[in-house]
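Visitor: I'd love a close look at one part of this protein. Could you walk me through a single sheet and its surroundings?

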Amino acid sequence: MDPSRYDRTQELSAAEREALAEFVEALEAGANMRVPAALARLKRLMVPVADVCDLMGSHREARKCTRGALAREMHRRGTPYWAWTEEQWSQTLKGEGSAWPSDYYKSASRRPLMAVAYLLCGYRDLYSTGHFKVSIFAEKVFGRERVESACRTIRDELSGWGCGAWVLDGSLERMVCHVMLANGSPLLEDLTTQKLTEMRDRRVPKSLHPNLYAMSRALAARGLIAAPLSVPRDTYPLERRPVDDCPEEWASWCERWRRTSTLTPNVRTITYGRLLQIGRWLARSHPQVTGPEQWTYQLAAEYVAAVCKLTVGEWSDPTRMKPEKVGRPMRPWTKENQLHVARAFFRDLQEWGWISRRFDPRRAFRAPRSLKTLLEPDPRTIADEVWAKLLWAGLNLTAQDIPLVGYARPGVKGQPFYPLEMVRAAAMVWLFAGLRHDEIRRLRVGCVRRQRGDVTVHPTGETLPEDAVCWLDVPANKTSEGKPKPVDPLVGKAIEDWEKVRPDQPAQPDAKTAEEVHYLFSYRGRRIGKAYVNHTLIPLLCRKAGVPVEDARGKITSHRARSTIASQLLNAKEPMDFFAVSEWLGHKDPSSTRHYAKVAPTRLAKSYSDAGYFGRNLRMIEVLIDQEAIRTGAAASGEPWKFYDLGHGYCTYDFFQQCPHRMACARCSFYLPKDSTKAQLLEGKANLSRMREEIPLTDEEVAAVEEGIELHEKLLERLADVPTPEGPTPRELGIVIPLSRKPDPER
């Protein structure tokens with residue numbers, strides 16, 4: 001249809017007005033004989049309608065209804081249909097006009113009227129006029145062959161990516177027809193990303209938006225459009241914006257910061273929400289303060305005190321809170337995050353020169369000591385028995401464990417949303433690789449490399465067998481560049497099995513590196529969703545393992561697996577070094593590892609036992625008891641009766657444990673050399689009682705006994721001026737010069 005070949009004058013002539021009045025009067029009176037005479041005078045208006053009806057193949061009754069409806073509306077409005085606005089056409093197609101038959105809207109004769117609006121007047125907002133068979137209408141307008149060719153192009157591209165029948169059914173055809181009608185052309189080459197965005201926002205039903213996104217990816221892969229549609233980030237309900245109860249000026253500052261900040265989009269969104277919470281606190285506590293330039297150190301201190309008393313939902317948007325959690329005490333880390341947001345916000349505003357520096361945000365918004373004591377690292381590890389069951393579930397996944405999706409229709413069975421090989425590979429990566437969920441989503445095809453041959457570890461000379469590990473190339477993350485990490489060969493096998501059956505997928509941009517990459521976990525032309533691991537994969541494994549999705553520490557999430565694996569590596573029989581665990585996790589600062597890896601109580605107890613803290617400071621020393629001296633009373637008169645064997649002699653000092661020279665004897669009067677005659681007589685006594693006594697030793701004494709003569713000499717030097725039990729010091733006795741050193745003439 002070429003509307004330019006018709007007379008499209010925007011006003012009705014006097015003769016046309018008179019003919020319309022006569023036509024409508026004849027229709028109302030049922031005088032069918034007078035209708036042809038009136039139509040003859042409305043040739044300029046009715047010939048294009050007749051051509052459209054011929055194109056649509058409309059039957060006689062539909063033609064009559066179309067002519068009658070248009071004549072009534074033109075007579076009522078006083079303008080030809082060429083001059084009708086979109087709103088007027090919408091009212092006409094919806095049946096809101098008071099001058100046309102009430103049963104017309106229910107009949108199939110509405111299709112020619114829609115064709116008049118579409119082909120002659122450029123009306124494109126068809127879906128808002130109510131339900132109609134869009135596929136039939138598009139075939140009538142553009143021709144069946146053109147519609148089928150466009151649908152076949154999209155279907156072939158999507159089916160090559162792995163899309164099943166539940167995606168490629170009638171809804172895809174309806175969506176393609178909607179797009180063709182909204183664009184006014186059956187040619188896919190006439191589409192652009194901008195046009196598709198406009199159609200999504202105005203002219204395509206929301207029920208077809210998933211198919212519209214799939215179609216845009218197919219068009220981008222074919223090179224017909226520059227880029228596929230992006231999903232809008234704003235998910236707040238339209239009836240309530242998050243800034244409704246926040247001061248307008250404060251909200252404008254927050255929005256300005258949000259547009260200027262260089263943080264990642266997700267972090268900016270979270271921080272923006274926290275800043276709006278500060279605005280809600282201001283509106284309730286200090287309504288006179290509306291901007292950050294009005295803040296003082298005193299107001300910042302009051303805000304810190306309010307944060308310390310904060311409860312769940314107190315400053316949040318109530319439409320986005322779970323009612324059962326509102327009013328609960330806020331967790332310490334959440335309070336610290338609230339203060340961190342305030343510090344970062346005011347610091348940025350001061351550094352950017354937007355406000356004057358009236359106080360130091362780092363000091364004004366720092367967490368008080370009472371809050372800092374609650375911020376110790378507390379890794380939320382999963383219990384070993386639960387983790388073992390999840391490992392078993394991941395290793396034994398079958399097709400029966402994966403739920404089926406699709407439309408419930410007779411004779412049509414559902415199918416898994418993702419293939420078994422892909423689900424199994426994702427499960428093995430989560431269970432063994434210790435990656436963040438974003439790193440799992442951004443793994444690339446070919447990220448697994450096998451180790452070729454045995455490798456000798458140079459520092460130790462040990463050999464790493466060929467099949468001990470495989471290497472997983474981790475993409476660049478928030479703390480470091482991409483680098484390989486060793487993982488279990490089971491991970492490599494699962495990924496290789498998935499890559500063998502993975503359909504070819506279009507390259508997609510990596511937001512962190514700005515590269516066009518082929519993602520490993522991509523299917524139907526798009527990556528797995530951000531919530532797939534937490535909301536789909538983990539519940540699936542929990543059902544398979546027969547464990548709940550929550551434990552005493554909360555929900556089982558992707559990040560808790562990271563903590564569990566790190567803790568098990570640190571507490572293994574042959575444990576990894578703490579810094580090695582930090583490197584394996586990809587932490588730039590080893591202090592971050594404390595929030596993930598936790599020493600198990602059993603390993604702590606074993607380490608304490610192996611350290612031998614008490615046993616190290618207790619030594620068994622042989623003691624000789626002279627029973628004859630005790631029986632004869634010589635011991636009571638001061639004669640020695642208890643002799644401590646020092647190896648090179650005996651000590652007769654009763655309080656030997658308290659003597660500072662006990663392991664480095666100063667040769668005082670209590671010392672009895674073994675080479676003396678008195679010592680030989682003592683050893684020859686028949687009534688001598690031998691026993692062993694535990695003596696607590698200092699670290700220096702233990703080192704002197706166990707590590708050699710050099711440490712023994714150092715101990716002698718340190719005790720040179722310490723009095724012996726008899727009174728004089730070793731220096732005064734003249735026996736403290738070590739044999740291995742030359743004597744000092746001055747001494």
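Visitor: In the open sheet of three strands, what is the order, and is the pairing parallel or antiparallel?

Guide: Happy to show you, with the reminder that this is a predicted model. The order is β3-β6-β7, and the pairing is antiparallel. At the edges stand β3 (448–450) and β7 (483–487). Each has a single partner strand, so one side of each is left without a neighbour in the sheet. From one strand to the next, the twist averages 30°. If you zoom in on β3, you will find that three bridges join it to β6 (residues 470–474), the two running antiparallel. One residue pair to look for is Arg449, whose bridge partner in β6 is Trp471. As general background, the strands of a sheet pair through backbone hydrogen bonds. Now bring in helix α21 (residues 489–501), which packs on the sheet and touches β3, β6 and β7. The direction of α21 makes about 120° with that of β3.

Further along the chain, two loop residues are worth a stop. Ala514 lies in the loop between β8 (508–509) and β9 (516–517), and Arg524 in the loop between β10 (522–523) and β11 (526–527). Most residues other than glycine have a negative phi. Ala514, however, has a positive phi near 60°, and the phi of Arg524 is also positive, near 60°. Their surroundings are worth checking too: Ala514 counts as exposed because its relative accessibility is 71%, over the 50% cut-off. Arg524, at 6% relative accessibility, is under the 20% cut-off and therefore counts as buried.

Methods
Residues numbered from 1 in each chain as written. Predicted model: local features only at pLDDT ≥ 70, side-chain atom pairs only at ≥ 80, totals over all residues. Heavy atoms only, no water. Helix = DSSP H or I, 4+ residues; strand = E, 2+ residues; numbered from the N terminus. Buried < 20%, exposed > 50% of the residue type's maximum accessible area, 1.4 Å probe, protein only. Pairing = 2+ DSSP bridges. Axes fitted to C-alpha atoms, helices over the stretch in contact; angles between N-to-C directions. Contact = heavy atoms within 4.5 Å.
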